[in-house]
Structures are given as structure tokens and as C-alpha cells.
Amino acid sequence: MTDSLDPSGPAAPRAGSIAARAMAARGSRAPDYLAGLNAEQRAAVETTEGPVLVLAGAGTGKTRVLTTRIAHILATGRAWPSQILAVTFTNKAAREMKNRVGLLVGEQVEGMPWLGTFHSIGVKILRRHAELVGLKSNFTILDTDDQIRLIKQLIQAENLDDKRWPARGFAQMLDAWKNKGLTAKDIPEGDARAFANGKGRELYAAYQARLKSLNACDFGDLLLHPIAIFRAHPDVLAEYHKRFRYILVDEYQDTNVAQYLWLRLLAQRPTRRDSTAIAETRAPAAGRKGERPSAGEAAPAQASERSERSAVSEDQRQQINICCVGDDDQSIYGWRGAEVDNILRFDKDFPGATVIRLERNYRSTAHILGAASHLIAHNEDRLGKTLFTDFSDPEHQKVEVNAGWDSEEEARAIGEAIEDLQRRDSHDLNDMAILVRASFQMRTFEDRFVTMGLNYRVIGGPRFYERMEVRDALAYFRCVVQPADDLAFERIVNTPKRGLGDATIRLLHDYARSREIPLIAAAGEMVETEELKPKPRNALRRVVTDLVRWAGLLDSTKHTELAEQILEESGYTAMWQADRSAEAPGRLENLKELIRSMEEYESLASFLEHVALVMDTEQNADLDAVSIMTLHAAKGLEFETVFLPGWEEGLFPHQRALDEGGRSGLEEERRLAYVGITRAKRRAKIWFVSNRRIHGLWQSTIPSRFLDELPEAHVEVMEANTNTYGGYGASRWDGAAAFQENAYQTPGWRRAQAANAGFAGGKGSSGGDGWSGGRTRQIDYGGGAGSNARAGAAAGRGHNQPPKQGFGLYASARKGGPREIEGELVAKSVIAEDSRFASGDRVFHQKFGNGTVASVEGNKLTVDFDKAGQKRVLEGFVEGV
DNA sequence: ACACAGAGACACCTG
DNA sequence: GTCTCTGTGT
């Protein structure tokens with residue numbers, strides 16, 4: 001127990017005690033922090049006792065309610081900061097919650113050790129009781145990479161064909177099992193058989209055994225181990241029951257079964273039922289459309305279940321102070337194990353729950369809300385909310401639907417729309433976003449924006465801590481801090497190359513296994529024997545003595561210096577310095593960044609812990625740039641203007657969601673669409689095109705069914721400028737000169753007043769080539785494809801040659817080029833001030849390395865790179881040397 | 001130890 | 001098409 005405030009110390013003022021009431025009632029006004037809340041929000045904040053479910057629609061002030069609720073609990077003295085458990089999914093959400101609570105209650109937030117992600121809290125619990133599951137409290141946390149390598153070894157050890165049974169696939173199965181809270185013995189027979197001729201269960205068990213011997217666990221274990229501990233040790237659980245007076249859960253619709261079980265154990269008093277399987281509390285999907293349990297009233301539960309559970313709940317109710325906040329309509333992580341059912345079933349899990357709906361939206365215009373609400377109403381599995389707004393916007397734009405020829409035209413038109421908004425309305429780029437369904441769509445936009453010189457930012461690329469060089473460096477640190485970390489050791493024994501090949505490593509493995517000692521220890525012993533040839537022996541000795549020496553410096557040397565020393569002395573830095581490839585300088589830069597980011601931690605060990613749990617790095621928001629991200633990544637964000645490209649069958653809804661998820665898959669896609677639209681405050685612009693390249697082939701596509709589910713009243717169908725697009729189809733292939741001349745000289749899109757034709761689907765049968773001008777949104781699914789059964793794919797029998805650019809003018813949209821993506825990509829705008837560079841300047845580029853500027857045009861530089869040759873790059877990509 | 005060819009993926013992606 | 005991983009050949 002290391003909490004600053006031990007809960008066994010002074011008891012928190014009892015709720016309702018004189019002191020608490022007096023604290024709450026200072027002055028006759030409500031406390032400041034309650035000011036500005038609407039009635040429902042306030043109810044959600046003030047209903048502190050008993051189970052509460054807050055159904056918070058998009059933009060209804062969910063975070064505000066959560067943070068204010070915490071502030072309220074603290075301010076009224078109901079609990080000490082250390083007695084509140086507040087869980088989120090992401091570090092970002094946890095950080096934001098902490099900041100905002102801090103704004104309300106000041107330093108008290110620092111006393112909240114139990115505010116964090118499921119995983120970070122899981123680690124914390126596990127470290128305290130590690131020995132109960134056979135681990136030491138300094139266990140390491142493996143990431144997916146380590147996990148896969150380990151599984152691969154196991155598969156090979158079982159003499160299985162690792163081609164036929166790829167480690168990656170097993171890792172996914174494992175993940176799915178763990179998400180469901182299943183240990184090796186719990187997995188269904190069918191699942192067990194599904195892998196490696198029925199060895200699934202064995203492998204799972206072997207994997208866990210191996211983890212134990214490595215004193216390690218994976219992400220799933222961070223929840224599963226605590227669950228096992230709680231179940232097997234009621235005394236430990238009781239300790240947490242005593243500690244956590246209030247539990248708050250963010251994004252409850254995203255919880256998976258394991259998280260649910262974990263929460264339930266913490267939230268409910270132990271009963272004879274709690275250690276049994278979840279199955280008995282599983283009710284059929286609750287809350288069909290139209291069924292709306294009102295606040296304070298438990299929804300009708302099945303009789304048997306109710307009588308069984310209510311006996312427990314009656315006397316415990318006041319103690320189950322759990323408040324879950326979420327929105328069933330924004331559940332988009334089913335594929336990752338999230339169970340919408342958890343939220344749909346809340347009032348059955350927690351009988352007598354108060355259900356509060358937040359339906360007043362503070363974000364979007366009535367049109368946007370209207371469109372989104374109408375769309376989501378097509379879902380059956382939902383609790384049902386009706387959002388409303390007072391948001392008034394002079395322009396009050398309807399949701400736009402635009403059609404385009406192909407993805408390149410889509411990118412072009414959206415790029416122009418962005419520039420228009422920027423010019424005409426001085427719209428900040430930061431306040432615009434392009435939300436795509438699949439990340440491959442991003443590329444077209446990047447290509448286009450680079451040529452336009454439009455600033456953009458890709459959110460959610462490969463992450464810093466997943467880069468090869470960063471992981472290598474971390475592996476070195478792990479070996480020093482944690483000498484039993486075999487996986488880390490394997491990673492670096494021969495990096496940089498030291499002549500320690502497979503043969504040596506295998507001998508080392510055998511030696512270690514026969515003696516049941518970690519690899520590093522084995523290496524230490526082995527170099528004293530004659531088993532290795534002199535060359536590898538000396539190389540290995542060098543590695544081991546280095547590691548031992550560095551470990552000896554742990555206490556005496558500042559960790560950042562030690563880290564640098566390790567990278568230097570191991571030859572790792574030198575390896576990249578010697579590397580002539582274009583990426584090498586960037587990698588060295590990343591290593592520096594890594595060391596820099598260690599500054600704020602006390603030790604190597606605490607830094608490594610941080611890294612294991614925090615896989616994201618902050619983006620810099622300084623630069624004005626359009627954001628490009630997936631719809632998934634957009635959840636929780638908001639923008640003035642949102643572009644939603646790619647609304648085509650097969651892409652959105654995604655074919656795989658339909659194939660694998662059936663109706664519920666479709667509903668999840670629809671929720672994704674709902675999330676997309678509701679990100680917009682004022683403008684939402686939807687796009688679809690009739691040709692898209694999928695897996696390298698051009699396919700004809702038909703408009704998404706979701707378009708048809710939008711309400712006429714809130715949607716405006718945009719029509720292309722007739723100069724540009726009239727007769728497009730007819731003229732495309734014969735390239736009518738008249739149109740070519742005007743193509744794209746007329747910027748932007750003209751509003752179409754009336755809309756009453758249909759978008760023809762694929763090219764072909766309907767004579768028209770793709771979409772012909774003058775059509776609108778009475779969508780004709782039958783249109784070229786003949787059948788919409790397998791939308792995208794079926795339509796593919798169209799042309800497999802790229803639809804050539806219809807017009808010469810823009811046919812030059814370039815390919816390839818400087819599209820550097822390092823987590824964040826920002827191209828400088830054309831409208832930028834004069835270039836900081838002149839010809840002759842030496843510059844450095846993340847991808848191409850060093851070079852000399854040959855010429856400058858605005859913000860575009862032509863650079864002769866020393867290694868990569870001459871390239872045109874945007875100024876934003878290079879820095880002066 | 002490194003270069004190159006062939007294979008397979010190619011929704012969404014937190015810890 | 002294009003990226004990444006793997007295996008093979010020199």
C-alpha cells in the first residue's frame with residue numbers, strides 16, 4: 001500500500017453526514033462546478049449512489065459529466081481521491097480526464113492513483129499481488145511483437161509447420177480468448193481444435209507457462225490475472241471493495257467481456273455467484289428499438305434472473321457506486337472484442353440502476369444531427385436516444401452528398417473544397433478533417449495534397465514505439481534492467497551483427513533450456529566453456545560483459561546518460577551511422593528522441609514500464625493542417641467541417657464486415673457512419689465515386705446503402721458543375737475536346753437544386769459510363785452491376801484498366817514522390833511565406849537524407865540528395881543543416 | 001551477410 | 001499496385 005492516503009486511515013465523511021452536507025451547501029448557490037450543466041447532466045453528476053448508466057449521445061458533454069462527477073464526489077467529501085477508481089480505454093482519454101478533473105479540483109487530482117486505463121490499473125493491481133499468479137512483481141509486459149516471436153518458438157517446439165499455422169494467427173486467437181476472459185481450460189472445444197490439429201489448448205497452456213518462466217505477461221493478462229486473483233482470494237478482493245468507494249467507467253460500450261468481469265468483481269460484493277461464469281447473467285440482447293427504460297426504473301428482466309440477483313442487490317445496492325458512461329450508438333470496436341451487449345444489458349447486471357440519457361447535443365447543427373439520427377435509427381440493437389440541439393449556425397448547411405468519378409477526382413475535389421473554405425471563410429485547416437473507412441484511402445489524399453501544397457496531418461500511422469530502432473534500443477535497456485528478459489536478449493545479441501548466427505543461438509538456447517536459466521545467464525556460463533568456437537565465444541563474451549557492466553551502472557549513472565552510453569558502446573548507434581540508406585538519419589533522430597523522452601522519468605525501469613503501456617506519442621498541433629484519419633480514430637473528436645469520402649458498397653459498409661458480421665456487422669458499420677457524421681459541427685460532406693482501385697484493380701462501385709438511409713430533409717445532393725461534368729460519361733473515352741478545355745477551370749461545385757435522377761452503378765449495362773451528369777440520389781443499386789449481392793467485388797468485372805483521366809489538364813497528378821510518413825506528415829502550404837531556403841543550402845530530409853537545394857519555387861524545393869538523387873520535395877519536409 | 005524474388009495481405013487498431 | 005515478410009541464392 002503506497003497510496004498517499006491510506007483508505008484505512010480517516011474514513012471519508014459519510015455521504016449525507018452533517019459535514020458532507022455542510023461542505024456541499026456552502027453558500028446557497030450550487031457549487032461553481034455545477035454551473036452550466038443541464039438538468040440531465042446534473043442528475044448524472046449528483047446521483048452518486050448506486051449503479052448509474054449515463055447514455056451520452058455524441059456531443060452531449062460526456063467527459064464533462066464524468067469529470068464533474070469526480071469533482072463533486074471529492075468536493076462533497078464522499079471519498080478521498082485515492083478511493084475513486086476511474087477507468088478509460090486509452091491513455092489519451094485518461095490524460096484528458098486527469099487534466100480536466102485537475103482544472104476543477106486542483107491538486108487533489110494528484111492523489112488519484114486509480115485514474116487510468118484498464119491496463120495501467122491492471123498492472124498496478126497485478127504488481128501488488130503478482131506472486132498469487134506465480135509472477136514476481138517486477139514482471140515485464142510483452143507487446144504484440146514479442147508475443148508473436150514467442151508463439152513462433154512454441155509452434156516450432158511442437159514440431160508444427162509454422163507456415164500452415166502462423167504465429168500471427170494464433171496470437172489473434174489468443175487475444176480473442178483473452179478478450180473473452182477465457183483461460184486455457186475455458187476455451188470451447190471447437191476453438192481448441194481450430195488451431196494446429198487440436199493443439200490450440202495445449203499451445204495456450206504452453207504459452208502461459210512460458211510467460212511465467214519469463215516472468216512476463218501480455219496485455220490480456222493484465223486483466224485476466226487480476227480476475228483470477230479476485231476470484232481465488234476473496235480477502236484481496238475485499239481489500240479493493242473497501243478501497244474503491246466510487247467506480248467510474250468511460251466508453252462503457254467498448255468494454256469486452258474480460259473488462260466487464262473485472263469491473264463486475266470490483267463493483268459487486270462477493271456472492272456465491274460471482275465466481276461462476278458470466279453465462280448466467282448473459283441476457284438476450286436488451287433494448288430493442290423503442291424499448292426505453294426510463295430513469296430510475298429497472299428494465300423488465302427475466303423473472304428467474306431477477307429473483308436470483310435481486311436478493312443480492314437489495315442490501316448491497318447502496319455500496320455499488322458504479323457509474324458507466326457510454327453510447328451504444330458509438331460502439332465500433334466489436335471486431336476487437338467489445339461487447340455492445342454490456343451496455344445494452346447494464347440494468348440487468350446492476351438491478352435498480354439509474355439510467356440517465358444525455359440527449360442535448362452541444363456540438364452540431366440540426367441538419368447534421370438530423371441526418372445522423374435518421375441514419376442510426378436503422379439499427380435494431382440500440383437503446384434509443386433522440387438527440388436535439390439548439391446550435392444555430394447562420395449558414396445552417398445541410399449534409400452534402402457528392403458523387404465523383406474515381407478516387408483521384410474525389411481527392412481533387414475535396415482538396416479544392418478545402419482551399420475554398422480556407423480562402424472564402426478563413427477556415428482553419430485544423431478544424432477540418434477527412435475521415436476514411438480504410439487507411440488505404442489516405443494515400444490518394446496525401447498524393448493530392450502534396451502536389452497542391454496543402455498542409456495535412458495523418459493521424460494514427462505507425463507508432464513511435466513500434467519502430468525498429470526504438471524497439472532495438474528498448475531491448476537493450478530491457479536486458480540491462482531485466483536480465484531474465486530472453487526475448488529482448490534474442491533481439492539484440494546479434495544487432496549490430498557480431499557474427500552470432502543461428503547456430504550459436506541454438507546452442508545457447510539448448511544450454512539455457514537444459515539448465516532452466518535465462519539466456520543471458522546461460523551466455524555468461526557458456527563463454528567459459530569450450531562449447532563455442534573462439535570467434536562466437538568472444539563476441540558473446542563481449543555482449544554479456546557489456547550487459548553486466550551497464551547493469552552495474554544502473555544505480556550510479558543518470559538513466560539518460562546510461563542509455564546513451566549503452567547505445568554507443570554496443571555499437572548500435574554506429575551501426576546506423578554507417579548505414580547509407582535513406583532512412584538511417586531518421587532512425588538516429590528517433591533514437592535521440594527516445595533518450596529525450598526518457599528525461600521525465602526517474603529510472604530506466606520506470607521508463608520501460610511507461611513504454612509498455614503507453615504506445616502513443618503526442619502530435620504537435622501547432623501547424624495548421626487538415627487531419628486525415630480513419631473513422632475509428634476520429635471517435636471522440638470534433639471538427640467544424642468533416643469530409644466523408646468513400647461511401648460505396650463494399651468499402652463502407654465494408655465487405656468483410658458484411659461477410660463476417662452479418663446483420664450486426666452491418667449495424668456496426670452504420671454506427672461508424674453515425675460516428676463520422678456526428679464529428680461535424682457545421683459541415684459534413686459525404687462523397688462516393690464510381691470507380692475505385694481495390695487491391696490493385698480498378699473496380700466499379702455502387703453508392704453505399706447508407707446514403708439512402710439519410711433523410712431528404714437534411715441532405716443536399718450536390719451536383720458537379722455542368723461545364724466540368726455534363727456528358728462526362730459519354731465523353732470520357734472519346735475525350736471530347738470541348739470538355740477537356742473547361743475541365744477544372746471552374747472551381748468547386750455548384751449546388752444542384754433539384755435532385756431526381758439516379759446514380760447509375762457500375763459502367764456497362766446502363767449505357768452511361770459510370771455516373772452521368774444530372775443524376776441524383778435516388779440510388780439505383782441495380783445499375784451496372786446487375787446485382788448488388790456482392791457489391792464491390794461483383795461490380796469488378798467492369799474495366800480493369802485504370803479509368804483514364806478524362807481531361808488532360810489534371811492528368812498529371814503525380815505518383816509516388818515525397819510522401820514521407822513518420823507518424824505525422826505535414827506539407828507546407830503553397831500560400832506560405834517565402835521559402836526559408838535558397839539554392840545551395842544544405843538540407844536534411846527524413847527519408848532522403850542530406851542534400852543540396854538546387855532550386856526553389858514557392859515552398860517546393862528541388863534538392864540534389866547525396867544518396868537519393870534529385871527529388872522535388874516540399875519545404876516542410878526538410879530542415880536546414 | 002546481403003540482395004533479390006515470390007507470396008500473401010490489402011477493414012477498423014488500445015494496451 | 002505496393003508493402004512486408006520469408007526463403008533462397010551468392
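Here are some numbered notes on this model, which is predicted, for you to read beside the structure.

1. **DNA strand B, the overall picture.** A good place to start is DNA strand B, which has 22 residues around it. The closest are Asn 91, Trp 335, Ser 439, Leu 613 and Thr 630. If you colour this surface by residue class, you should find five nonpolar, 10 polar and seven charged residues. Helix H29, which covers residues 655–678, contributes the most to this surface, with four residues. On the DNA side, sugar or phosphate supplies 52% of the strand B atoms within 4 Å of the protein, and bases supply the rest.

2. **DNA strand B, atom by atom.** Three side chains deserve a click here. Ser 439, already named among the closest residues, has a side-chain N or O atom 2.3 Å from a phosphate oxygen of DNA strand B. Arg 437 faces a base instead: a polar atom of the Arg 437 side chain is 3.1 Å from a base nitrogen of the strand. His 632 also points a polar side-chain atom at a base, with 3.4 Å to a base oxygen of DNA strand B.

3. **DNA strand C.** The residues around this strand are Lys 152, Lys 163, Arg 443, Arg 693, His 695 and Gly 696. Of the strand C atoms that come within 4 Å of the protein, 38% are from sugar and phosphate. By class, this surface has no nonpolar residues, two polar ones and four charged ones. For a specific contact, look at Lys 152: an N or O atom of the Lys 152 side chain is 3.4 Å from a phosphate oxygen of DNA strand C.

4. **His 695, a residue to look at twice.** Besides being one of the residues around DNA strand C, His 695 has a positive phi, near 55 degrees, though His 695 is not a glycine. Most residues other than glycine have a negative phi. You will find His 695 in the loop between strand S16 (680–694) and strand S17 (697–700). His 695 counts as exposed because its relative accessibility is 80%, with the protein chains alone considered.

5. **Glu 251, another positive phi.** The backbone of Glu 251 has phi near 50 degrees, again a positive value outside glycine. Glu 251 sits in the loop that runs between strand S6 (246–249) and helix H12 (257–267). Is Glu 251 buried or exposed? With 16% relative accessibility, Glu 251 counts as buried.

6. **The second largest pocket.** This pocket holds about 1,000 Å³ of space. Of its 31 lining residues, Gln 153, Arg 210, Glu 490, His 509 and Arg 513 are the closest to the centre. Four helices each supply at least two lining residues: H6 (144–157), H9 (200–213), H20 (486–493) and H21 (502–515). H21 gives the most, with seven residues. The lining as a whole comprises 11 nonpolar, seven polar and 13 charged residues.

7. **Two cis peptide bonds.** Most peptide bonds are trans, but please check two that are not. Thr 495 and Pro 496 are joined by a cis bond with omega about -5 degrees. Pro 496 lies in the loop between H20 and H21, two of the helices that help line the second largest pocket. The second cis bond runs from Phe 652 to Pro 653, with omega near 5 degrees. Pro 653 belongs to the loop between strand S15 (639–644) and H29, the helix that gives the most to the surface near DNA strand B.

8. **Cysteines.** The count of disulfides is zero. Why is Cys 479 not in a disulfide? The closest cysteine sulfur to that of Cys 479 is in Cys 217, and the 18 Å between them is too far for a bond. Both of these cysteines count as buried: Cys 217 has 0% relative accessibility, and Cys 479 has 3%.

9. **Asn 342, a buried polar side chain.** Last on the list is Asn 342, in helix H14 (residues 340–344). Asn 342 counts as buried because its relative accessibility is 0%. The Asn 342 side chain has a polar contact of 3.1 Å with the side chain of Thr 255. Another polar contact, of 3.3 Å, joins the side chains of Asn 342 and Arg 345.

How values were computed: Residues numbered from 1 in each chain as written. Chains lettered and ligands numbered in written order. Predicted model: local features only at pLDDT ≥ 70, side-chain atom pairs only at ≥ 80, totals over all residues. Heavy atoms only, no water. 1 Å grid on protein atoms, 1.4 Å probe; cavity = no way out; pocket = protein on both sides within 12 Å on 5 of 7 lines; lining within 4 Å. Points joined across faces, edges and corners; volume = space filled by probe spheres on them. Nonpolar A, V, L, I, M, F, W, Y, C, P; charged D, E, K, R; others polar. Near = heavy atom within 4 Å. Polar contact = N/O pair within 3.5 Å; in protein donor to acceptor, adjacent residues only side chain to side chain. Disulfide = S-S within 2.5 Å. Buried < 20%, exposed > 50% of the residue type's maximum accessible area, 1.4 Å probe, protein only.
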